[in-house]
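Good morning, everyone. Please have the structure open on your screens. I will walk you through one chain, piece by piece.

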Amino acid sequence: MLSRSTHRGTICLEDAPIISQTVFAGDQFLLRVSAPRCAERAVPGTFAHLTCDPLIPMRRPLSIMRVDAQAGWLEFLYKPIGPGLERLAQRATDDVISVLGPIGRGFTPDPERPVILAVAGGVGIPPVNFLAESLHADRRFKLVILMGSEVPFPFELTARSTVLPGLPDSASMAVAQLEAWGIPSALASKAGFDGCFDGFVPALAREWLEARPADSLGEVQIVSCGPHAMLEATAALAREFDLPCQLAVEEFMACGVGGCAGCIVPLHKPEGIVMKRVCVDGPVFDAAEVFPG
Ligand SMILES: Cc1cc2nc3c(=O)[nH]c(=O)nc-3n(C[C@H](O)[C@H](O)[C@H](O)COP(=O)(O)OP(=O)(O)OC[C@H]3O[C@@H](n4cnc5c(N)ncnc54)[C@H](O)[C@@H]3O)c2cc1C
Ligand code: FES
């Protein structure tokens, strides 16, 4: 039975049957669930808080990677690191999980800066993928997506059809779906995968930024999601090149809806340090407030 109720007016609680669960190399899972109310409201950068198994009392937060609002489904990409997501990985088609979402504030790209450089790493790739899908037909923006992973990318890859000035010849591969949407992408890894830049993804972003004429940097903004060290390096790049940058931040969560203060982070505002909840005040924050340098 599908039970639904709303929370804070925008967050829905839905019993969500699993439509499919696909496993990729590197212990990565792509989960599609039916949750029409959540799918209708989701925007890039928001997440859902999911039950994994009746034996695991705490929900786990996962970024929303794709939605089809008409068909009423949501997709998540995850890599278990503990018992909750390990249990979720064992759930099968037609099992029902509880989805609380969409939660949080997503990315708010600035139309004054038409070039969006997206820097994503590991399980930080989903929100950037959602942003790409939602903006690919928006003529105000041109995206360039750089992704890093130390396990095989859980996407079909293809040779990039466009030249990205500044990128080394080794970074020749792109994500096929992004190519189909007309969005250039490039990949970075220290794992020696073919067609990938040999290094971490912020280093690849630096190559791209350094190759741009200085007078064109005023068109650029950065969005990023991934491991803490990657976010810190990306925030430092944004500072160095004087670019606005939005980060989707991850923190351990309990309630996921703003009630427990379990996920607070310090933000560096002009008036001093302000504590904010990642779940409902974020997860997207201004990089300069998270990492003031
Ligand atoms: C907004 C948001 C979006 C996210 N999106 C994704 C995503 O798309 N894909 C993805 O794979 N992951 C995502 N994550 C991360 C994921 O939710 C967490 O890593 C989650 O805890 C993993 O669950 P698990 O059951 O695998 O591991 P857990 O059982 O949660 O444990 C993981 C590790 O963290 C430690 N730990 C757990 N809780 C705490 C705590 N309160 N304090 C300190 N250490 C603790 C454990 O000891 C263990 O070492 C996201 C997190 C957030 C906040
Ligand atoms: S997890 Fe409870 S306030 Fe964010």
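Let's start in the middle of things, with one pair of residues. I116 has a bridge partner in β15, and that partner is Q221. I116 sits in strand β9, residues 115-121, and β9 is joined to β15 by six bridges. The two strands run parallel. Keep in mind that this is a predicted model.

Now look at β15 itself. How many of the six residues of β15 are buried? Six of the six, from 220 to 225, so this strand is largely enclosed by the rest of the structure. Here is a general point. Side chains in a regular strand alternate between the two faces of the sheet. In β15, V220, I222 and S224 point one way. Q221, V223 and C225 point the other way. Both sets are buried.

β15 has another partner, β16, residues 245-248. Four bridges join them, and again the strands run parallel. For one pair, take V223: its bridge partner in β16 is Q246.

What lies between these two strands along the chain? Helix α6, residues 228-240. Together, β15, α6 and β16 make a right-handed β-α-β unit. α6 has 13 residues and reaches 18 Å from its first C-alpha to its last. That is close to the 18 Å expected at 1.5 Å a residue.

Which residues of α6 are buried? They are M230, L231, A233, T234, A235, L237 and A238. Another general point helps here. An α-helix has 3.6 residues a turn, so residues three or four places apart point the same way. As for the cover over the buried residues of α6, it includes β9, β10, α5, β15, β16 and α7. Just after the helix, D242 takes a positive phi of about 55°.

Let's step back to the whole sheet. It is an open sheet of seven strands. The order is β14-β13-β10-β9-β15-β16-β19, and the pairing is mixed. Which strands stand at the edges? β14, residues 197-198, and β19, residues 284-286. Each has a single partner strand, so one side of each is left without a neighbour in the sheet.

Move to the β14 end. Strand β13, residues 185-189, is joined to β14 by two bridges, and they run parallel. S189 stands opposite D198, and A188 has F197 as its bridge partner. On to β10: four bridges join it to β13, also in parallel. There, G148 pairs with A188.

Is β13 enclosed or open? Five of its five residues are buried, so β13 is largely enclosed by the rest of the structure. Both faces are covered. S185, L187 and S189 are on one side, with A186 and A188 on the other.

Next, the ligand. There are 23 residues around ligand 1, and Y78, G82, G84, L85 and F252 come nearest. β5, β7 and α2 each supply at least two residues of the shell. The largest share, four residues, comes from β5.

Finally, the overall picture. The chain has seven helices and 19 strands. Its radius of gyration is 19 Å, close to the 19 Å that the globule rule gives for 293 residues, so the chain is as compact as a globular protein of that length. The C-alpha trace spans about 55 × 45 × 35 Å along its principal axes. Of the 293 residues, 45% count as buried. Among contacts between residues at least 6 apart in sequence, 65% join residues at least 24 apart.

Notes. Residues are numbered from 1 along each chain as its sequence is written. Chains are lettered from A and ligands numbered from 1 in the order in which they are written. This is a predicted model: local features need pLDDT of at least 70, side-chain atom pairs count only at pLDDT 80 or more; totals for chains, interfaces and linings use all residues. The radius of gyration is taken over C-alpha atoms; the globule rule is 2.2 Å times the number of residues to the power 0.38. A residue is buried if 20 or more other C-beta atoms lie within 10 Å of its own, exposed if 12 or fewer, and partly exposed in between; C-beta atoms are placed from the backbone. Two residues are in contact if their C-beta atoms, placed from the backbone, lie within 7 Å. Two strands pair if DSSP finds at least two bridges between them. A crossover is right-handed if, with the strands pointing away from the viewer, the path from the first strand over the helix to the second runs clockwise. The expected span of a helix is 1.5 Å times one less than its number of residues. A residue is near a molecule or strand if its C-beta atom, placed from the backbone, lies within 6 Å of it.
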